[in-house]
Amino acid sequence: MTSMDGTIFINCRQCIDGKLISSPLTIDSNGIIATNTSPPLDCKIVDLKNSIIAPGFIELQINGALGFHFAHYDDATSYRKNVKKLANYLPSTGVTGFYPTVPTVAPEVFKCVLPLLRPDISPGVASVLGAHVEGPFLAPSKKGAHDAANMHVPSSSSLEEVYGETNLSSSIKIVTLAPELSGAPGSIRDLTKDFDIRVSMGHSAATFEQGLAGMKAGASMLTHTFNAMNPLHHREPGLAGLISHPSPPYFSLIADAIHLHPRVVALAYRSAPAHCILITDSIELSGLPDGVHPGHAQIPFNQVKAGNKVTIENTDTLIGTCIGLDECVKNLMAWAEIRIEEAVRCVTENPASVMRLKDRGRLEVGRRGDFVVFREDGVVKETYILGERVYASQS
């Protein structure tokens, strides 16, 4: 750093490897974490008053917010504008990097939206880290809210036909698929070896053995574990049983008390804390007020939002959740009875590890100066991107 450059954040406790480390955080003029040795005396000093800080959160699965869904395409200009609006909103939940998620849609829709979801590292907003495509290679019996009419089988539809070769190379970073489908092992190998894409197993009726075969082919994750897969059974544990494997996959959980019971969340976390990842899988009504909202092409009915839960009007049919990733962290702390420095690994270090991110996810020298400042109760107080504050709580 040169004179008058950079910022030193003092009186803070850093979340590192599940522990709290009392140490200043020095960020250079480019927004990158620097060493604390011999900083210039006249650089900016920010006193965090003994606050706990953690790396900016990484969201692996989000379908939309503020009325916009990543599967809904009208034109490129409005789509880009809505993506930017979400990137500006997400730091209020602690998120500084996210993977926009596109569910099962027709190939022509994938080919319209995926070019607009390439990694985009813009200043002052959460980074778009590339797309998570949740489909269309899913099991119809575990379709959930996905459109079975648009589902494909790997042995009869190529990756290039469905997604487009350029999108495989430049936009897609995660693919969720069902490993038991015909041709799935070959697709897993192609995705991981040819395109360096992470494969997550989900929306699947796979057995435990079929899950192991998926891992052998290169799959490294489970998508919203326990949901849209066979239940954990004492004689046939299915995909969920993989979390107890000696070398488990990374597994994502929706910790909202809607998709999963709190005790199931705690059980899963304790099985492999270093492989547990929290996601929201939130839908487009996130960030909107409670009440009745219009449907859309995928849900052609009015939607009722009550807190984080969204159902079809006049029914108990669950559409999705609107929880924020910051709420998921607080829930995990309460349900697994763990400290904040342990819980935040599931939205920072763990997702960075499975995605092999070297620029974020840890408060280490050389990584981005993206971090979250907490209140003592775990509420996000401030969010910084490249060392600049982009969100401050009003409470």
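**View 1. Helices and strands of the chain.** This predicted model has 10 helices and 23 strands. Two of these elements return in the last views: strand E9, residues 95-102, and helix H2, residues 107-113.

**View 2. Overall dimensions.** The C-alpha trace spans about 65 × 45 × 45 Å along its principal axes. The chain holds 395 residues, and a compact globule of that length would have a radius of gyration near 21 Å. The chain has 21 Å, so the value agrees with a compact globule.

**View 3. Inside and contacts.** Of the 395 residues, 55% are buried. Now take the contacts between residues at least 6 apart in sequence. Of these, 68% join residues at least 24 apart.

**View 4. Surface and charge.** The accessible surface comes to about 16,000 Å². Carbon and sulfur atoms account for 51% of that surface. The chain carries 34 positive and 40 negative side chains. How far apart do the centres of the two sets lie? They lie 3 Å apart.

**View 5. The loop that holds Thr 104.** Thr 104 sits in a loop. Strand E9 (95-102) comes before this loop, and helix H2 (107-113) follows. Is Thr 104 buried or exposed? Its relative accessibility is 2%. Buried means under 20%, so Thr 104 counts as buried.

**View 6. Thr 104 and its polar partner.** From the loop between E9 and H2, the side chain of Thr 104 makes a polar contact with the side chain of His 146. The distance is 2.9 Å. Thr 104 is thus a buried residue with a side-chain polar contact.

Note on methods. Residues are numbered from 1 along each chain as its sequence is written. This is a predicted model: local features need pLDDT of at least 70, side-chain atom pairs count only at pLDDT 80 or more; totals for chains, interfaces and linings use all residues. Side-chain values use heavy atoms; hydrogens and water are left out. Helices (H or I, at least four residues) and strands (E, at least two) are DSSP runs, numbered from the N terminus. The radius of gyration is taken over C-alpha atoms; the globule rule is 2.2 Å times the number of residues to the power 0.38. Buried means under 20% relative accessible area, exposed over 50%, partly exposed in between (1.4 Å probe, protein chains only). Contact means heavy atoms within 4.5 Å. Accessible areas come from the Shrake-Rupley method with a 1.4 Å probe; for residues, only the protein chains shown count as cover. Lys and Arg count as positive and Asp and Glu as negative; His and the chain ends are not counted. The place of a charge is taken as NZ of Lys, CZ of Arg, CG of Asp or CD of Glu. A polar contact is a pair of N or O atoms within 3.5 Å; within protein, one must be able to donate a hydrogen and the other to accept it, and residues adjacent in sequence count only if both atoms are side-chain atoms.
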